[in-house]
Amino acid sequence: MLFSPVSFVSTQMEPSPELANVTRVQQFILLGLSTRLGVRDVLFAVFLALYLLTLLENTLIVSLICSHGELRKPMYFFLGNLSCLEMCYVSVTMPTLLLGLWVGPYHLSFVACMTQLFFFVSLICTECTLLASMAYDRYVAICRPLHYPLLMRPQVCCGLALSSWVGGLVVSAVKTKCIASLSYCGPNVLNQFFCDVSPLLNVSCTHVALTELLVDFISAIVIFCGTLLVTLASYVAIGRAVLRMPSAAAHCKAFSTCTSHLVVVGIFYSAALFIYCRPSRIKSMDLNKVLSVIYTVATPLCNPVIYCLRNREVHAALRRTLRGRDPAAPRPGALPRLQSSWAQHQR
C-alpha cells in the first residue's frame with residue numbers, strides 16, 4: 001500500500017556487521033489465503049469465478065462507454081478509466097491468490113515479488129487519484145453547473161486521468177526502489193497472498209534509513225491523505241450546496257448522483273485505513289488477509305454493480321446493446337419527425 005506503521009517507528013541505522021555477511025534472500029514464501037487443503041479447493045473455485053466475473057463486468061462497462069455516444073461524458077470517462085484500472089488491479093493480485101489456493105504455500109522470487117509490489121502500489125496510487133478526480137467532477141456538476149462544460153472539458157479530463165496513471169507509476173517506482181534496497185536475510189515467509197509493503201517491512205532485517213522513511217512518509221501524505229482530503233472537501237461543498245437547494249426533489253437528484261461514488265470511496269478507504277493505520281496492538285495477520293481480500297477482490301467486483309445499478313443511461317445503453325441495435329443509428333421515426341419539423345420551420 002502507500003505506507004505502513006512500521007515505517008513511522010524506524011530510525012536511521014546502518015546494518016550491523018553480523019548482517020553484512022548474511023546471504024541476501026533470493027525468494028519469498030507466500031503462505032496464501034489458507035493452508036487447509038479442503039478449504040483451498042472450495043476457495044479456488046470461488047475466487048476463480050469472482051476473477052472471471054470481475055473481468056467480464058469491467059470489460060462490459062468499458063465497451064459500453066466506448067460504443068455509446070451518450071456515455072461520452074466526464075463522469076463516464078473517469079468510470080471507464082476506473083474499470084480499466086480494476087481489471088489491471090485484480091490481475092496483479094489474483095493470480096498469486098489462486099496459485100496459493102491451488103498448490104498451497106509457494107516460493108516467489110525476489111524480482112517477481114518486487115515487480116508485483118511495483119504494479120500494486122502504482123495501481124493503488126492511481127485509484128486514489130481517480131477517486132478524487134471523480135469527486136471533483138461531481139463537485140463541479142452540482143456546485144458550479146454553469147461552468148461545468150469549461151472546467152470539465154475533454155482536455156482537463158484527459159489531463160486528470162493521465163496525471164493519475166503517471167503519478168502512480170512515479171510514486172511506485174520510488175517506493176519499490178526503497179523497499180527493494182533493504183536487506184532481507186531471513187525469515188523469508190510472508191503471511192499474505194501477495195507481496196505487500198507491510199509484510200515485506202516486517203521481515204526486513206535492517207532498519208529503514210531516514211531518507212527512505214521521509215520518501216515513504218511524503219508519498220503517503222501526498223497521495224493517500226491528499227486525495228482523501230480532496231474527496232472529503234468536495235463532498236462537504238456538495239453537501240452545503242444541496243442543503244441550499246429549495247426543493248426536496250432537487251436534494252434527491254443531487255444525492256443520487258453521488259451515492260455510488262460515496263459507497264465505493266467508503267469501502268476502499270475504510271479497509272485501507274484500518275490495515276495501514278490501525279493501532280499497533282491489533283496485529284492479526286489473518287484479519288489483514290481478510291481485509292486485503294475486500295479491497296483487492298471485492299471492490300473491483302462490486303464497483304461496476306454499484307456505479308451502474310441505479311444509472312438509467314447505462315441501463316439504456318446495455319439494453320440497446322443486448323437487442324443488437326446500432327447505438328449510432330437514429331431511432332425509428334426520428335428522421336421523419338425531424339424532416340417534418342424542418343418543413344414547418346421553412347413555411
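**Helices, a disulfide and salt bridges in a predicted model**

User: For residues 108–136, how far apart do the end C-alpha atoms lie?

Analyst: The span is 93% helix and 7% strand; helices (H or I, at least four residues) and strands (E, at least two) are DSSP runs, numbered from the N terminus. The model is predicted, so local features need pLDDT of at least 70 and side-chain atom pairs count only at pLDDT 80 or more, whereas totals for chains, interfaces and linings use all residues. Residues are numbered from 1 along each chain as its sequence is written, and side-chain values use heavy atoms, with hydrogens and water left out. Between the end C-alpha atoms of residues 108–136 the separation is 40 Å.

User: Which residues does UniProt list for "transmembrane region"?

Analyst: The listing comes from an unreviewed UniProt entry; its positions are given in the numbering used here, feature names are shortened, and annotations may be inferred rather than shown by experiment. One of the listed spans, residues 42–66, is 100% helix and 0% strand in the model, with end C-alpha atoms 37 Å apart. The entry lists residues 42–66, 78–102, 108–136, 217–243 and 255–276.

User: Which residue does a disulfide join to Cys-113?

Analyst: A disulfide is a pair of cysteine sulfur atoms within 2.5 Å, and by this rule the count comes to one. The S to S distance in this disulfide is 2.0 Å. The cysteine joined to Cys-113 is Cys-195.

User: Why is the disulfide of Cys-113 and Cys-195 assigned its hand, and what is that hand?

Analyst: The assignment rests on the torsion about the S-S bond, which is about -125°. The disulfide of Cys-113 and Cys-195 is therefore left-handed.

User: How many residues apart in sequence are the parts that Cys-113 and Cys-195 tie together?

Analyst: Cys-113 lies in helix α5 (residues 110–143), and Cys-195 is in the loop between β3 (189–190) and α8 (197–203). Cys-113 is buried at 0% relative accessible area, and Cys-195 is likewise buried at 0%; buried means under 20% relative accessible area, exposed over 50%, and partly exposed in between (1.4 Å probe, protein chains only). The pair therefore ties together parts whose separation in sequence is 82 residues.

User: Which cysteine sulfur is nearest to that of Cys-84?

Analyst: Cys-84 is in no disulfide. At 31% relative accessibility, Cys-84 counts as partly exposed. The nearest cysteine sulfur is 6.9 Å away and belongs to Cys-88.

User: Which helix holds Arg-320, whose salt bridge with Glu-70 links distant parts of the chain?

Analyst: Side chains of opposite charge can pair when their charged atoms come close. A salt bridge is a side-chain nitrogen of Lys or Arg within 4 Å of a carboxyl oxygen of Asp or Glu, and Arg-320 and Glu-70 meet in one at 1.8 Å, N to O. Glu-70 is in the loop between α3 (37–67) and α4, 250 residues from Arg-320; Arg-320 is buried at 19% relative accessible area, while Glu-70 is partly exposed at 27%. Arg-320 lies in helix α12 (residues 312–323), that is, α12.

User: Which residue meets Lys-73 in a salt bridge?

Analyst: The structure holds three salt bridges, and the one formed by Lys-73 has an N to O distance of 2.6 Å. Lys-73, in the loop between α3 and α4, is linked to a residue of helix α12 that is 240 residues away. Lys-73 is partly exposed at 37% relative accessible area, and its partner is partly exposed at 28%. That partner is Glu-313.

User: Are Asp-137 and Arg-138 buried or exposed?

Analyst: The side chains of Asp-137 and Arg-138 meet in a salt bridge (2.9 Å, N to O). Asp-137 and Arg-138 are both buried.

User: Which backbone oxygen lies 2.8 Å from a polar atom of the side chain of Ser-164?

Analyst: Ser-164 is in helix α7 and is buried, with a relative accessible area of 0%. Helix α7 (residues 154–180) also holds Val-166, which is partly exposed at 40% relative accessibility. The backbone oxygen 2.8 Å from the Ser-164 side chain is that of Leu-160.

User: What separates the C-alpha atoms of Trp-102 and Asp-41?

Analyst: Trp-102 lies in helix α4 (residues 74–103) and, at 59% relative accessibility, counts as exposed. Trp-102 and Asp-41 are 61 residues apart along the chain. Their C-alpha atoms are separated by 7.1 Å.

Notes. A polar contact is a pair of N or O atoms within 3.5 Å; within protein, one must be able to donate a hydrogen and the other to accept it, and residues adjacent in sequence count only if both atoms are side-chain atoms.
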